[in-house]
Amino acid sequence: MRKLTAAWSVLAIAVLALAGSTPAAQAAPEDIKEALGRVPGLTVVSENPAPTGYRFFKLTYTQPVDHRRPGAGTFQQRFTLLHKEFRSPTVVYTSGYNVSEAANRSEPTQIVDGNQLSMEYRFFTPSRPEHPDWGKQLTIWQAAADQHRAVEAFKRLYPGKWLATGGSKGGMTATYFRRFFPNDVDATIPYVAPNDVINSRDRYNRFLANVGNDPACRSALKAIQRDVLTRRSEFAALAAADAAKNGYTFKTVGSADVSLEISVIDSYFAFWQYQRQSDCATIPKAGAPAAQVYAWFERVESLNTYSDQNLEIYVPYYFQAAYQLGAPESYEDYLRDVLRYPGRNVSRTFVPRSVDIPRFDHLAMPDIDFWVKSQGKRLMFVYGGNDPWGAEPFQLGFGTKDSYTYTVPGGNHGARISQLPAAQAAEATNTVRRWAGLPPVSPGVSTRSVPAGFPDFDADLTMVERPRL
């Protein structure tokens, strides 16, 4: 029998050779660039350098400006694609803001060692219609429909498991996408995603009043805020010089003085959002030289944060916060006696008057919240213990299936699975791999090491996630 089998093998090879084909040639994989060229509405803008074993593309995709009225026009949405293998798991990622043009890998992409399709959120330039109708076209459903069409198109290329992820507003976006199109992906991993379903001032304020494990740190932050507002003219002069150097104007918020005051108020929230507990030691003492204090604010919350030029990038976010997303009210009562513009730190303040904002949609966030609690499945929420945005998190409920919430002790807005205690990190990592159809990782083996050539993903996330609100 062995001789007969061997004879047939030789004969098969000979026949293939005569036909000008070999088994290897028949199984040759399709080129990804050629495959992309056949996706309707997709344009390959460029192929850029990528780490060994990957290919990286900048793309645009034609989307309807209004998914409820497909004939109302289209716009070009920016994507990037990090391609590894056609049959590898694929992660669809959005920051909720602009798309990064670097070949980053989100943490879930690292865990599953797969492909990553990254999307720019609609209305963030240049992914904006020529004549936008903000109230009808910039909604959480319209953005979810963008992702739905993109995933449907790319599933023709990537038939394996699909995961959705994003950080902060991107984590919210991933959750909303799953609510409206629950079967598009196999699982969703939102990071540090706020859930302002109650839009409660008290919940955020209670969190901020007790955040961290060092009352002295909170007191030092409040003292330096008061110091700046008491010595306002000194710091206004430094901020004005910086504004002149950079060409900043302040028409949207009203004046440079309003911008300075809001920035000082925000600095308490921003410190806990992005800094670490150990950074409490860097807080200047009240009465320190103005230049030293100003430099500290530049690291934590620039006193020119709310210039027109800095706000312009994020207007779509502030619009959504004022229309559907909600946002925490300002934590400022302890500064009332030194404020000139109390209550000004609200989303509407940061949207140009030329943009009309519809009446706030009080049903949007409760709908998402109820879906998570009653129908959500294969969801993993990751939060940072010191991150103020975790004051009102997504919570699992009576109908949630195969879903988990993890909190990084002392973590900030850059919290991730690898920062969890070892046992939880291993558990969460293997859950993500299970959802992706992959075997568990052996103890002590990391799937999150960054191959040579990849930039640091967390740094990129911080870059795009600048607004406090």
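**Entry 1, the chain as a whole.** I counted secondary structure first and found 17 helices and nine strands in the protein chain. I note that the model is predicted. Next I looked up burial: of the 469 residues in the protein chain, 54% are buried. For the surface, I read an exposed area of about 20,200 Å², with carbon and sulfur atoms supplying 54% of it. I then checked how the contacts are spread along the sequence. Among contacts with a separation of 6 or more, 75% are between residues 24 or more positions apart.

**Entry 2, the disulfide.** How many disulfides does the structure hold? I found one. Its partners are Cys217 and Cys280, and the S to S distance is 2.0 Å. I placed both ends in the chain: Cys217 sits in helix α9, while Cys280 lies in the loop between α11 (256-274) and α12 (290-300). The two cysteines are 63 residues apart, so I logged the pair as a link between distant parts of the chain. I took the torsion about the S-S bond of Cys217 and Cys280 as well; it is about -85°, so the disulfide is left-handed.

Are the two cysteines buried or exposed? Cys217 has a relative accessible area of 3%, and because buried means under 20%, I entered Cys217 as buried. Cys280 has a relative accessible area of 14% and is therefore also buried.

**Entry 3, helix α9.** I stayed with the helix that carries Cys217. Helix α9 covers residues 215-230, which is 16 residues. From its first C-alpha to its last I read 22 Å, close to the 22 Å expected at 1.5 Å a residue. I then listed the buried positions in α9: Cys217, Arg218, Leu221, Ile224, Gln225, Asp227, Val228 and Leu229. I noted that the list includes Arg218, Gln225 and Asp227.

Which residue places a side-chain oxygen by the backbone at the start of α9? I found Asp214, with a side-chain oxygen that reaches to within 3.0 Å of the backbone nitrogen of Ala216.

**Entry 4, the β1 and β2 hairpin.** I turned to the strands next. Strand β1 takes in residues 42-48 and strand β2 residues 55-64. In what sense do β1 and β2 pair? I found them antiparallel, over six bridges. As one position to check, I picked Val44 and found that its bridge partner in β2 is Leu59. Between the strands of this hairpin there are six residues. In the hairpin I also looked up Gly53, which takes a positive phi near 95°.

Conventions: Residues are numbered from 1 along each chain as its sequence is written. This is a predicted model: local features need pLDDT of at least 70, side-chain atom pairs count only at pLDDT 80 or more; totals for chains, interfaces and linings use all residues. Side-chain values use heavy atoms; hydrogens and water are left out. The expected span of a helix is 1.5 Å times one less than its number of residues. Buried means under 20% relative accessible area, exposed over 50%, partly exposed in between (1.4 Å probe, protein chains only). A polar contact is a pair of N or O atoms within 3.5 Å; within protein, one must be able to donate a hydrogen and the other to accept it, and residues adjacent in sequence count only if both atoms are side-chain atoms. A disulfide is a pair of cysteine sulfur atoms within 2.5 Å. Two strands pair if DSSP finds at least two bridges between them. Contact means heavy atoms within 4.5 Å. Accessible areas come from the Shrake-Rupley method with a 1.4 Å probe; for residues, only the protein chains shown count as cover.
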